[in-house]
Amino acid sequence: MKNLLLLVLLSSLAQAAELTPERFGDFYSQLRNSSKIADTAKTLISQRHYVFIAGFLNETLPGYFSDNVEGLKELGVPESNIHIIYPCSAASLSDNVRVLNEELVEIATNAKSPLILVAHSKGALVALRHAIENPVFVTAHVHSLFLLQGALGGSYVADFLRGQGKALDSKLPIAASITLKIMKEAEQFVDPIIESSLTSLTTKAATDELKDLYQRHPKALPVVDKKLYYITGEETPDKTAKVLQATSYYLHMYYGANDGLVLAAHQSIPNFGTVLAHFTHADHADLTSPFPISNEYNMRRRALAKAIALSASLK
């Protein structure tokens with residue numbers, strides 16, 4: 001019955017239609033249990049090119065986007081139409097944007113349809129800056145840009161590691177406090193390598209970056225706005241993956257709702273783009289990384305990729 005309902009729903013939406021949070025939510029819910037979709041939508045989905053853009057420290061995260069990629073394959077997307085870009089964690093934001101542009105131009109040159117970009121964490125910040133700085137490319141080659149739990153307003157965790165955040169006190173659980181102190185000490189050893197990249201993730205640097213982009217490229221904003229979608233998330237510290245629990249407690253105690261690394265409020269930009277979904281139980285790894293980095297089953301990440309592909313097919 002669920003499969004039949006999904007087929008009926010997709011048939012009724014075969015023509016281009018406005019993509020809304022309600023519609024996206026319906027697709028995501030149905031596709032957690034099935035990969036069956038209308039033939040017209042499946043054909044279009046399989047012809048598109050999908051580009052995933054990874055976040056900070058992606059070099060240390062095995063399986064990044066692997067489940068999302070499998071979700072697309074289940075819809076018939078050939079492997080040749082799926083691309084993953086890994087921005088260098090030791091490079092500056094400007095260098096990441098330059099390299100991203102080079103890779104996107106190469107992909108677009110060989111693609112027969114506009115690209116669907118899916119960027120996570122700091123990768124979202126890189127992708128957004130690229131889009132605003134390159135409106136001509138976006139108009140010609142980008143179908144849509146989905147930002148997953150983007151560090152668009154930076155991260156107070158980066159502030160803490162750079163000595164700019166709120167100091168630890170007795171409010172924090174002892175285990176979280178000890179872990180954070182170890183992280184702070186470890187950061188000093190790797191600082192020369194990741195200093196530029198980590199600094200770009202501080203809340204001040206990220207906020208200043210967006211303000212600067214707005215001022216330098218006002219004509220690009222309407223171009224990007226109509227193709228920009230956010231998927232945000234948060235999780236309580238006790239249910240966050242072990243590797244994120246300390247930072248989750250820190251953010252929750254001193255700043256507010258978060259996914260373990262980024263505040264929920266910093267994952268989208270008011271009055272710019274559309275928030276398609278907000279997951280109340282999704283830590284920073286749940287939508288893009290497999291176990292043990294994430295606590296979530298792979299079904300969720302596969303369904304998310306399918307929902308994104310299906311949503312894009314309606315536009």
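These are my notebook entries on aromatic pairs, nonpolar cores and two helices in this predicted model.

**Aromatic pairs**

I began with the rings and got a count of nine aromatic pairs. One of them is F52 with F65, a tilted pair with 4.9 Å from centre to centre and 40° between the planes. I noted tilted rather than stacked or edge-to-face because the angle falls between the cut-offs of 30 and 60 degrees. I then looked up where the two rings sit in the chain: F52 belongs to strand β1 (residues 49–53), while F65 is in the loop between β1 and α4 (66–74). They are 13 residues apart, so I logged the pair as a link between distant parts of the chain. Buried or exposed, I asked of F52 and F65? Both are buried.

**Cluster and charges**

Next I went to the aromatic cluster, which is made of Y156, F160, Y250, Y254 and Y255. Two of its rings turned up again when I looked for charges. K166 lies over the face of Y255, 5.1 Å from the ring centre. F160 has the charged end of K184 over its ring, at 5.2 Å from the centre.

**Cores**

Which residues touch the most other members of the largest nonpolar core? I found F24, F146, I231, L304 and I308, out of 38 residues in that core. Helix α13 (residues 298–313) gives the largest share, eight residues. I picked F146 for its neighbours. Leaving out residues up to four places away in sequence, F146 touches L19, I116, L117, V118, A119, Y229, L276, I308 and A312. There is also a second core, separate from this one, with 36 residues; I53, I85, L125 and Y230 are among them. I jotted down the background too: nonpolar side chains in soluble globular proteins tend to be buried together.

**Helix α13**

I checked the span of α13 next. Its 16 residues reach 23 Å from the first C-alpha to the last, close to the 22 Å expected at 1.5 Å a residue. Why do I call α13 largely enclosed by the rest of the structure? Because 13 of its 16 residues are buried.

**Helix α4**

Last I looked at α4, where D67, N68, V69, G71 and L72 are buried. What covers the buried residues of α4? My list includes β1, β2 (82–85) and α13. So α13 came up twice for me, in the largest core and in the cover over α4. After α4 comes G76, and I noted its positive phi, near 95°.

Notes. Residues numbered from 1 in each chain as written. Predicted model: local features only at pLDDT ≥ 70, side-chain atom pairs only at ≥ 80, totals over all residues. Heavy atoms only, no water. Phe/Tyr/Trp six-rings, centres within 6.5 Å; stacked < 30°, edge-to-face > 60°. Helix = DSSP H or I, 4+ residues; strand = E, 2+ residues; numbered from the N terminus. Buried < 20%, exposed > 50% of the residue type's maximum accessible area, 1.4 Å probe, protein only. Lys NZ or Arg CZ within 6 Å of the ring centre and 35° of its normal. Core = buried A, V, L, I, M, F, W, Y, C linked by side-chain atoms within 4.5 Å. Contact = heavy atoms within 4.5 Å. Expected span 1.5 Å × (residues − 1).
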